[in-house]
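Welcome! Here is a short tour of one protein model, arranged by topic. Have a look at the chain first, and then follow the points below.

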Amino acid sequence: MRHDIERLTQLSQFQHHMEQAIPVQVYDRDRHIDIGYITHYNEHFVEVGGALFNRSCHQFISRPGY
């Protein structure tokens, strides 16, 4: 996983990415799982492209311009 780009951890960051339609890349440890737009989120899960990802198991990386 690239460490030079923004990792989303706060609810406000997920909100911003959802409102501005900024894509996020989803990782399970260092393995890329998915990339897409956030459609829903809460303190436990993030929905990207119709799939739910657990925030405690996955990492979310901002991918503006993708």
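How many bridges join β2 to β7, and do these strands run parallel or antiparallel? Four bridges join β2 to β7, and the two strands run antiparallel. Keep in mind that this is a predicted model. With that pairing as a starting point, we can walk through the sheet, the hairpins, the helix, the core and a few side-chain pairs.

**The four-stranded sheet**

- Strands pair through backbone hydrogen bonds, and the pairing can be parallel or antiparallel.
- Here, four strands make an open sheet in the order β1-β7-β2-β3, with antiparallel pairing.
- β1 and β3 (31–36) are the edge strands with a single partner each, so one side of each has no neighbour in the sheet.
- Two bridges hold β1 and β7 together in the antiparallel sense, and L8 has F60 in β7 as its bridge partner.
- Where β2 meets β7, look for V24, which stands opposite S62.
- β2 is largely enclosed by the rest of the structure, because four of its five residues are buried.

**Two hairpins**

- β2 and β3 pair over five bridges in the antiparallel sense, and V26 stands opposite D34 in β3.
- These two strands form a hairpin with two residues between them, and R29 in the turn has a positive phi of about 60°.
- A second antiparallel pair is β5 with β6 (residues 51–54), joined by four bridges; here F53 in β6 is the bridge partner of V46.
- β5 and β6 also form a hairpin with two residues between them, and this time G49 in the turn has the positive phi, about 60°.

**The helix and its two faces**

- An α-helix has 3.6 residues a turn, so residues three or four places apart point the same way.
- In helix α1 (residues 11–19), the buried residues are Q13, F14 and H17.
- Viewed down the axis of α1, these buried residues fall within an arc of 100°, so they line one face of the helix.
- Turned away from that buried side is a face carrying the exposed residues S12 and E19.
- The buried residues of α1 pack against β1 (7–8), β2, β4 (38–41), β5 and β7 (59–62).
- After α1 comes A21, which has a positive phi near 55°.

**The nonpolar core**

- The largest nonpolar core has nine residues: L8, F14, V24, V26, I38, V46, V48, F53 and F60.
- Both β2 (24–28) and β5 (45–48) supply at least two residues of this core.
- V26 is a good residue to click on: leaving out residues up to four places away in sequence, V26 touches R31, H32, I33, D34, V48, F53, H58, Q59 and F60.

**Aromatic rings**

- A pair of aromatic rings is described by the distance of the centres and the angle of the planes.
- There are two aromatic pairs to find.
- F14 and Y41 form a stacked pair, 6.2 Å centre to centre with 25° between the planes.
- This pair links distant parts of the chain, since F14 is in helix α1 and Y41 is in strand β4, 27 residues apart.
- F14 is buried, with a relative accessible area of 0%, whereas Y41 is partly exposed at 23%.
- The rings of F14 and F60 have centres 5.5 Å apart and planes at 80°, so this pair is edge-to-face.
- F14 lies in helix α1 and F60 in strand β7, so the pair ties together parts that are 46 residues apart in sequence.
- F60 counts as buried, at 1% relative accessibility.
- Together, the ring pairs link F14, Y41 and F60 into a cluster.

**The salt bridge**

- Side chains of opposite charge can pair when their charged atoms come close.
- How many salt bridges does a search of the whole structure find? The search finds one.
- D28 and R31 form a salt bridge, with their closest N and O atoms 3.7 Å apart.
- D28 counts as partly exposed at 23% relative accessibility, while R31 counts as exposed at 53%.

Notes:
Residues numbered from 1 in each chain as written. Predicted model: local features only at pLDDT ≥ 70, side-chain atom pairs only at ≥ 80, totals over all residues. Heavy atoms only, no water. Core = buried A, V, L, I, M, F, W, Y, C linked by side-chain atoms within 4.5 Å. Buried < 20%, exposed > 50% of the residue type's maximum accessible area, 1.4 Å probe, protein only. Contact = heavy atoms within 4.5 Å. Arc of directions from axis to C-beta. Pairing = 2+ DSSP bridges. Salt bridge = Lys/Arg side-chain N within 4 Å of Asp/Glu carboxyl O. Phe/Tyr/Trp six-rings, centres within 6.5 Å; stacked < 30°, edge-to-face > 60°.
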